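Look at the sequence and the 3D view side by side. Then work through the questions below, one at a time.

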Amino acid sequence: LKLDSLHLEINQTMLSSFSLRLVKGTSTGLGSCITWNGPTAKLSTSSVLERRLGKRVRSTPLRKQLRFEAGPWWKKPDIIMTAPISKTHHPESQFKESENKFLEEVNCSSQSDFPIDMEDPYKKEAKMCVLCPRKYTIDVSPSYKNPKLLSQFVSPHTGRVYQSHITGLCTYMQEIVEREVNRSRAAGLMSTKVRDPHYLQDPTLFNPSRPIKPNPY
């Protein structure tokens with residue numbers, strides 16, 4: 001028989017199986033077909049994916065499982081004393097009491113070297129602003145009716161409220177002071193500083209809220 005052609009046909013409807021068809025022919029033109037249905041196979045798009053799928057279904061041989069259960073090669077079984085000397089009663093040391101007494105004396109003499117429980121001397125005190133209510137026994141909350149207190153946070157030259165980096169107030173109290181200053185001015189209890197019209201066109205040389213100008217050099 002002469003092998004004329006070899007055809008590989010993959011069944012598209014059933015991806016879990018494939019068929020291989022061999023067509024054999026003779027010189028007279030008569031031929032016969034042999035069809036072989038192989039075992040279930042999973043089709044993959046690449047050789048790498050095919051190897052990965054093969055690793056997933058691969059099973060560990062029994063000899064390797066037994067070797068894993070036995071543990072590492074360097075692990076030896078526990079030593080069990082079987083010699084007669086292991087069953088002999090050994091007396092306790094006659095210096096045990098004197099040694100314990102000596103250790104107690106050493107511990108008592110070294111008590112002064114142990115650290116003392118005390119507060120941290122380098123711990124910084126909690127920062128509190130000038131108008132913090134926890135700092136005073138009486139109520140010193142800023143009010144628009146108290147212009148003498150509010151005037152301490154206002155510049156006598158510009159009439160503007162100093163910012164928190166000068167007043168030292170927290171954000172909460174700084175907002176209250178600015179609000180009460182505006183209310184006191186609206187009520188006529190505090191004066192409002194205005195610039196003379198003759199100097200309205202003067203250029204601004206510095207920020208009045210931050211009078212300290214850094215040295216550029």
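Q: Is Cys 108 buried or exposed?
A: This is a predicted model, and the accessibility is computed from it. The relative accessibility of Cys 108 is 60%. The cut-off for exposed is over 50%. So Cys 108 counts as exposed.

Q: Is Cys 132 buried or exposed?
A: For Cys 132, the relative accessibility is 8%. Buried means under 20%. Cys 132 therefore counts as buried.

Q: How many disulfides does the structure hold?
A: Take Cys 132 as a test case. Its nearest cysteine sulfur, that of Cys 129, is 5.1 Å away. A disulfide needs two cysteine sulfur atoms within 2.5 Å, so Cys 132 is in no disulfide. For the whole structure, the number of disulfides is zero.

Q: Where is Glu 180 placed, in terms of helices?
A: The helix in question covers residues 171–187. Glu 180 falls in that run, and the helix is α6.

Q: Is Glu 180 buried or exposed?
A: Look at what surrounds it. Beyond its neighbours within four places in sequence, Glu 180 is in contact with Pro 142, Ser 143, Tyr 144 and Leu 150. Its relative accessible area is 4%. Buried means under 20%, so Glu 180 is buried.

Q: Which element gives the largest share of the largest nonpolar core?
A: This core has 14 residues, and those touching the most other members are Leu 131, Phe 153, Leu 169, Met 173, Val 177 and Val 181. Two elements give two or more residues to this core: α4 (147–150) and α6. The largest share is four residues, and it comes from α6.

Q: Which residues does Leu 169 contact, leaving aside neighbours within four places in sequence?
A: Leu 169 is among the core residues that touch the most other members. A contact needs heavy atoms within 4.5 Å. The partners of Leu 169 are Cys 129, Val 130, Leu 131, Phe 153, Ser 164, Gln 174 and Val 177.

Q: In what order do the elements of the protein run from the N terminus?
A: The protein has six helices and three strands. Read from the N terminus, the order is β-β-β-α-α-α-α-α-α.

Q: Over which residues does pLDDT stay under 50?
A: The mean pLDDT of the protein is 75, and 70% of its residues reach 70 or more. One stretch stays under 50, although the model has 45 contacts for it beyond four places in sequence. That stretch is residues 1–40.

Definitions and conventions:
Residues are numbered from 1 along each chain as its sequence is written. This is a predicted model: local features need pLDDT of at least 70, side-chain atom pairs count only at pLDDT 80 or more; totals for chains, interfaces and linings use all residues. Side-chain values use heavy atoms; hydrogens and water are left out. Buried means under 20% relative accessible area, exposed over 50%, partly exposed in between (1.4 Å probe, protein chains only). pLDDT is the predictor's confidence in each residue, from 0 to 100. A nonpolar core is a set of buried Ala, Val, Leu, Ile, Met, Phe, Trp, Tyr and Cys residues joined through side-chain atoms within 4.5 Å.
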